[in-house]
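This report describes the fold of one protein chain, moving from the overall layout to single residues. Please keep the sequence and the structure in view while reading.

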Amino acid sequence: MSSNVQRLRDHDTNPCLAETDASRQCMDDNNYRKNMCTSYFLKYKNCRKFWHAIMVQRRRDGVKPNMPTAEERENILKSIGGTPY
């Protein structure tokens with residue numbers, strides 16, 4: 001597995017891994033008919049949008065690393081009452 005693929009499959013660097021896997025599974029299950037997986041795509045898009053905003057804010061505030069770790073993300077989601085996407 002290439003280093004880029006490993007990075008994308010790492011829970012600490014990819015906050016939307018579950019949404020990615022779910023949308024791919026939906027595509028596989030529905031013979032790649034995109035219209036059958038719209039809700040999965042929307043969840044993925046909202047997940048990326050949410051965590052990108054967090055990452056940008058952390059970068060502005062000088063917080064390292066830019067993307068919170070998996071544990072930090074779990075705490076962030078708990079503090080706001082669950083997933084906003």
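## Overall layout

Helices and strands are here runs assigned by DSSP, at least four residues for a helix and at least two for a strand, and they are numbered from the N terminus. In this predicted model, the order of elements from the N terminus on is α-α-α-α. The secondary structure of the protein chain thus comprises four helices and zero strands.

The C-alpha trace spans about 45 × 35 × 20 Å along its principal axes. The protein chain has 85 residues, of which 25% count as buried. Among contacts with a separation of 6 or more, 47% are between residues 24 or more positions apart.

## The nonpolar core

In soluble globular proteins, nonpolar side chains tend to be buried together. In this model, the largest nonpolar core consists of seven residues, namely C16, C47, W51, M55, M67, L77 and Y85. Helix α3 supplies the largest share of this core, with three residues.

One member of the core, M55, touches N66 and M67 when residues up to four places away in sequence are not counted.

## How α3 meets α4

Two packed helices are described by the angle between their axes and the distance between the axes. Helix α4 covers residues 70–79, and its axis comes within 13 Å of the axis of α3, with a crossing angle of roughly 110°. Angles of 65 to 115 degrees count as roughly perpendicular, and α3 and α4 are therefore roughly perpendicular to each other.

On the side of α3, the contact is made by F50, W51 and R58, while α4 contributes E72, R73, I76 and L77. By character, the residues of this contact divide into four nonpolar, three charged and no polar. Two of the residues named here, W51 and L77, also appear in the list of the largest nonpolar core.

## The loop between α2 and α3

Helix α2 covers residues 17–29 and α3 covers 38–61, and N30 lies in the loop between them. Is N30 buried or exposed? Its relative accessibility is 17%, and a residue counts as buried under 20%, so N30 is buried. The side chain of N30 reaches the backbone oxygen of C26 at 2.9 Å. Leaving aside residues up to four places away in sequence, N30 touches M36 and C37.

N31 is also found in the loop between α2 and α3. This residue has a relative accessible area of 62%, which means that N31 is exposed. Its phi is near 55°, a positive value in a residue other than glycine. Y32 belongs to this loop as well, and its phi is likewise positive, at about 60°, although Y32 is not a glycine. With 53% relative accessibility, Y32 counts as exposed.

## Two further details

The loop between α3 and α4 contains P65. K64 and P65 are joined by a cis peptide bond, with omega at about -10°.

N46 is placed in helix α3. At a relative accessible area of 30%, N46 is partly exposed. How far apart are N46 and Y85 in sequence and in space? They are separated by 39 residues in sequence, yet their C-alpha atoms are 5.4 Å apart. Y85 was listed above as a member of the largest nonpolar core.

How values were computed: Residues are numbered from 1 along each chain as its sequence is written. This is a predicted model: local features need pLDDT of at least 70, side-chain atom pairs count only at pLDDT 80 or more; totals for chains, interfaces and linings use all residues. Side-chain values use heavy atoms; hydrogens and water are left out. Buried means under 20% relative accessible area, exposed over 50%, partly exposed in between (1.4 Å probe, protein chains only). A polar contact is a pair of N or O atoms within 3.5 Å; within protein, one must be able to donate a hydrogen and the other to accept it, and residues adjacent in sequence count only if both atoms are side-chain atoms. Contact means heavy atoms within 4.5 Å. A nonpolar core is a set of buried Ala, Val, Leu, Ile, Met, Phe, Trp, Tyr and Cys residues joined through side-chain atoms within 4.5 Å. Axes are lines fitted to C-alpha atoms, for helices over the stretch in contact, and angles run from 0 to 180 degrees between N-to-C directions. Angles under 35 degrees count as roughly parallel, over 145 as roughly antiparallel, 65 to 115 as roughly perpendicular and the rest as oblique. Ala, Val, Leu, Ile, Met, Phe, Trp, Tyr, Cys and Pro count as nonpolar, Asp, Glu, Lys and Arg as charged, and the others, Gly among them, as polar.
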